[in-house]
Amino acid sequence: MTSDTVAMAQALFLFVGAVVTLLAGSFLTRHRQWVARLIAITALLGSAAAAVVTLAGSPRRVFADTFALDTTSSVAALIIAGATLLVITLGIDEMRGHDRESEAYSLLLLAALGAQVMAGATDLLVMVVGFFLASIPLYAIIGLNRTPESAEATLKTYLLGALSGVGLLLGVTVLYGAGGATGYGELAGALTGTSPVIVAVGAVAVLGGLLFKAGAVPVHFWVPDAAQGASPWAAAYATTVPKIGGMIAIYRLFDEISPDIAWPLLVAVLAAVGMTLGNLAAFLQEDPRRLVGWSTVSQVGYLLLPVAVAGRSDLASAALLLYLAGYAVTNITVFAVIAALPEHHSLSDYRGLVSRHPLLAAALAVSLLSLVGTPPTAVFLGKLTTFSAAWDGGFAWLTVVAGVNTVASLFYYLRWLAPAFTPDGPTEGKNTRGRDAVVTPRRSGYFTALVGALAVLALGTGGGMLWTLLLR
């Protein structure tokens with residue numbers, strides 16, 4: 001094996017794990033699929049360990065400078081592996097004995113591998129490979145639920161993904177035609193002096209494709225449907241892990257190529273529109289999954305702040321990574337609470353949750369307040385650093401818009417928290433569908449919610465050390 005191949009151990013663990021998981025599941029009975037789950041978890045732990053080793057080494061480029069092994073890609077690999085582990089954990093009860101259990105784990109590993117490739121790609125063609133590797137398994141993951149809602153969500157995701165993929169390929173073709181290369185380093189010099197119209201067409205088309213992976217405006221329509229129609233574990237994955245690869249790919253593209261067009265303003269406008277539209281759409285949602293889906297659309301708006309100042313602020317890269325880490329664990333924790341209580345289909349169903357399941361209510365409060373950006377939670381630290389990066393990069397107006405949207409988002413999160421912390425009324429014992437409201441939570445969702453809530457608080461209080469490490 002070449003040194004480049006060994007250096008890619010963080011990705012190889014996921015690839016080999018996906019293949020072995022699929023093969024093992026083919027020879028295991030339905031009630032012994034836990035072996036496939038164990039293989040998938042081992043692969044993720046191996047990928048995380050390899051990422052730590054890479055993080056401790058010196059930054060370098062491998063495979064003819066098409067992939068970066070640096071702080072950004074290593075931290076992204078850690079976040080992706082950790083988030084996927086949490087998703088597998090929260091879905092254990094639902095997936096145990098399922099006839100597609102091993103396939104689900106294999107798909108998760110392949111999609112995680114695609115996100116990793118996107119995060120480290122420094123070549124347009126490698127980035128395209130990562131895009132499709134992250135997208136195709138995602139369609140199957142969303143549709144595994146096999147309900148009319150999941151079928152609709154899968155169709156919407158597939159159609160938007162296909163359209164975005166075509167746009168991405170078009171943009172790559174235009175940039176290659178204009179610059180005569182696909183490597184970011186070569187394009188950075190080759191595009192200088194090229195017609196700004198041609199560069200703008202290529203860059204915007206590539207951006208549009210990557211925005212699909214991030215679930216950002218204007219290709220966000222699949223997100224709330226996927227959050228509502230897919231299984232909770234699949235929804236948690238679809239609204240979390242693809243964003244990590246997509247956001248870092250956008251940041252790396254514009255930071256390294258820096259095309260001679262007004263791309264910072266374009267990204268800033270998309271950020272402002274995204275966070276505002278996501279918040280407005282979430283205001284009147286009654287289904288908690290759909291509310292979280294629109295919430296993730298608004299969160300992408302905040303995540304675009306450091307992207308808008310890529311190359312203009314020294315805080316941008318570290319702020320993006322810190323926000324992604326906080327958002328990943330927080331969003332999965334919210335879905336873990338949903339997975340623990342599958343009979344709760346509306347916000348009012350959570351009425352009296354603090355009396356029936358106080359620890360779940362606490363986990364819900366921690367995660368939702370984190371999404372708002374309340375100290376001492378993980379997303380608070382992420383928002384503080386991204387706002388600082390945007391201000392430092394000269395986008396004071398965008399920072400103000402983000403602050404206003406943060407305050408506004410408190411409204412719909414409180415619409416969920418208020419019933420959860422309100423004592424049961426005359427309808428005690430019944431939810432909105434007439435079923436017994438006092439149900440035993442699913443253990444996997446319950447456990448993941450508690451672990452996730454602790455991680456949210458730990459990252460919020462101890463994230464300063466991570467921030468210092470990222471700034472080095």
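**Exercise 1. The nonpolar core**

In this predicted model, identify which residues of the largest nonpolar core touch the most other members, and which helix gives the most to this core.

Solution.
- Step 1. The largest nonpolar core has 164 residues, and those touching the most other members are Trp222, Trp233, Tyr237, Met247, Tyr350, Leu364 and Trp416.
- Step 2. With 20 residues, H16 gives the most to this core.
- Step 3. Take Tyr350 from that list. Leaving out residues up to four places away in sequence, its contacts include Val337, Ile338, Leu341, Leu364 and Trp416. Tyr350 also touches Pro288, His344, Arg356, Pro419 and Ala420.

**Exercise 2. Helix H20**

Compare the span of H20 with the expected value, locate its bend, and state what its buried residues pack against.

Solution.
- Step 1. H20 covers residues 396-420, 25 residues in total. From first to last C-alpha it reaches 37 Å, close to the expected 36 Å.
- Step 2. The helix bends by about 35 degrees at Tyr413.
- Step 3. Buried means under 20% relative accessible area. The residues of H20 that are buried include Tyr412, Tyr413, Trp416, Leu417, Pro419 and Ala420, and also Asn405, Thr406 and Ser409.
- Step 4. These buried residues pack against helices H14, H15, H16, H17, H18 and H19.

**Exercise 3. Helix H15**

Check the span of H15, decide how covered it is, and find the residue that caps its N-terminal end.

Solution.
- Step 1. H15 has 21 residues, so at 1.5 Å a residue it should span 30 Å; the end C-alpha atoms lie 31 Å apart, in agreement.
- Step 2. Of the 21 residues, 20 are buried, and H15 is thus mostly covered.
- Step 3. The cap is Asp287, with a side-chain oxygen 2.8 Å from the backbone nitrogen of Arg289.

**Exercise 4. Backbone exceptions**

Find where the cis peptide bonds at Pro218 and Pro376 lie, and describe the positive phi values at Phe63 and Asp65.

Solution.
- Step 1. Recall the background: most residues other than glycine have a negative phi, and most peptide bonds are trans.
- Step 2. The bond from Val217 to Pro218 is cis, with omega near 10 degrees. Pro218 sits in the loop between H10 and H11.
- Step 3. Pro375 and Pro376 are joined by a cis bond with omega about 5 degrees. Pro376 belongs to the loop between H18 and H19.
- Step 4. Phe63 has phi near 50 degrees and lies in the loop between strands S1 and S2. Its relative accessible area is 38%, so Phe63 is partly exposed.
- Step 5. Asp65 has a phi of about 60 degrees and is found in the loop between S1 and S2.

Technical notes: Residues are numbered from 1 along each chain as its sequence is written. This is a predicted model: local features need pLDDT of at least 70, side-chain atom pairs count only at pLDDT 80 or more; totals for chains, interfaces and linings use all residues. Side-chain values use heavy atoms; hydrogens and water are left out. Helices (H or I, at least four residues) and strands (E, at least two) are DSSP runs, numbered from the N terminus. The expected span of a helix is 1.5 Å times one less than its number of residues. The bend at a residue is the angle between axes fitted to the seven residues ending there and the seven starting there. Buried means under 20% relative accessible area, exposed over 50%, partly exposed in between (1.4 Å probe, protein chains only). Contact means heavy atoms within 4.5 Å. A polar contact is a pair of N or O atoms within 3.5 Å; within protein, one must be able to donate a hydrogen and the other to accept it, and residues adjacent in sequence count only if both atoms are side-chain atoms. A nonpolar core is a set of buried Ala, Val, Leu, Ile, Met, Phe, Trp, Tyr and Cys residues joined through side-chain atoms within 4.5 Å.
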